[in-house]
Amino acid sequence: MAMRIDIRDLQQGKKSFDYVRQSEELSLDEDSVRLASPLTVSGEASLEREEIYVQGVMRGQVEAMCDRCLRWTPLYQDLSFEAHLIPAASYYRDQTAELQNEDLNYSVFDGETIDLDELVREQMLLSVPVQVLCAAECRGLCSECGTDLNRQQCACETPAIDPRWSALAVMKDAPADDFID
């Protein structure tokens with residue numbers, strides 16, 4: 001059951017929340033990111049005019065697949081988040097043809113409740129780096145046989161360089177001063 005905040009409750013003031021989600025209770029809808037431990041979420045929500053401001057902290061182990069070797073890699077355990085939500089009717093009424101930079105700071109809600117699980121999911125996925133590496137020196141997988149080159153060397157032969165690219169191989173080993181006129 002999703003954790004929800006009723007907007008009517010916010011009219012009396014701030015509303016605190018504190019709950020725990022097991023990995024099977026919070027679907028990330030991502031194959032390369034997963035929750036590896038229970039996730040504790042705490043914070044508060046407040047209503048300012050018609051906007052809702054939510055701030056909180058998530059604590060739990062999140063893992064993502066390394067982009068080179070496909071091993072699960074721990075990312076973080078604590079993550080602070082903030083969200084500004086505006087009613088869908090106001091957002092679409094004020095919306096111009098062009099998305100403005102300040103529009104990126106808002107999320108839209110529609111209805112009488114806010115689904116905190118969806119907000120937490122969104123914040124969690126936004127925090128994942130564009131490129132996830134288990135280590136900066138990760139060697140990845142062999143493109144021929146799929147062996148994890150961090151664990152063992154494969155028996156595949158190194159492919160010959162396409163002769164059309166051989167001039168670049170010469171440039172790679174030459175000092176940069178050789179190419180300046």
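**Close-up 1. R8 and its partner E112.** In this predicted model, R8 is partly exposed, with a relative accessible area of 48%. Its side chain meets that of E112 in a salt bridge, with 3.6 Å from N to O. The two residues come from distant parts of the chain, 104 residues apart. R8 belongs to helix 1, which covers residues 7-10, while E112 sits in the loop between strand 7 (106-109) and strand 8 (113-115). E112 is exposed, at 51% relative accessible area. Have a look at D6 as well: salt bridges with shared partners join D6, R8 and E112 into one network.

**Close-up 2. A buried pair, D117 and R21.** Here the side chains of D117 and R21 meet in a salt bridge, 3.0 Å from N to O. Again the pair links distant parts of the chain, this time 96 residues apart. You'll find D117 in helix 3 (residues 116-126) and R21 in strand 2 (residues 15-21). D117 counts as buried because its relative accessible area of 8% falls under the 20% cut-off. R21 is buried too, with 10% relative accessibility.

**Close-up 3. D29 and R121, one exposed and one buried.** D29 and R121 form a salt bridge whose closest N and O atoms are 3.8 Å apart. D29 lies in the loop between strand 2 and strand 3 (33-35), and R121 is part of helix 3. Along the chain, 92 residues separate the two. How accessible are they? D29 is exposed, at 61% relative accessibility, whereas R121 is buried, at 16%. If you'd like to hunt for others, the model has 11 salt bridges in total.

**Close-up 4. Inside the largest nonpolar core.** This core has 30 residues, and V54, V120 and M124 touch the most other members. Quite a few elements chip in: helix 1, strand 2, strand 3, strand 4 (39-48), strand 5 (51-65), strand 6 (72-87) and helix 3 each supply at least two of its residues. Zoom in on M124 and look past its neighbours within four places in sequence. You'll then see contacts with L26, L28, L35, L39, M58, V62, Y76 and L79.

**Close-up 5. L70, out in a loop.** L70 has its place in the loop between strand 5 and strand 6. Buried or exposed? Neither, quite: L70 counts as partly exposed, at 48% relative accessibility. Setting aside residues up to four places away in sequence, L70 touches M65 and L141. You can also pick out S32, which is 38 residues from L70 in sequence. In space, their C-alpha atoms are 8.7 Å apart.

**Close-up 6. Stepping back to the whole chain.** How many helices and strands are there? The protein has 4 helices and 8 strands, and along the sequence they follow the pattern β-α-β-β-β-β-β-α-β-β-α-α. Of the 181 residues, 32% are buried. The accessible surface comes to about 12,300 Å², and carbon and sulfur atoms account for 48% of it. As for links across the chain, take the contacts between residues at least 6 apart in sequence: 58% of them join residues at least 24 apart.

Key. Residues are numbered from 1 along each chain as its sequence is written. This is a predicted model: local features need pLDDT of at least 70, side-chain atom pairs count only at pLDDT 80 or more; totals for chains, interfaces and linings use all residues. Side-chain values use heavy atoms; hydrogens and water are left out. A salt bridge is a side-chain nitrogen of Lys or Arg within 4 Å of a carboxyl oxygen of Asp or Glu. Buried means under 20% relative accessible area, exposed over 50%, partly exposed in between (1.4 Å probe, protein chains only). Contact means heavy atoms within 4.5 Å. Accessible areas come from the Shrake-Rupley method with a 1.4 Å probe; for residues, only the protein chains shown count as cover. A nonpolar core is a set of buried Ala, Val, Leu, Ile, Met, Phe, Trp, Tyr and Cys residues joined through side-chain atoms within 4.5 Å.
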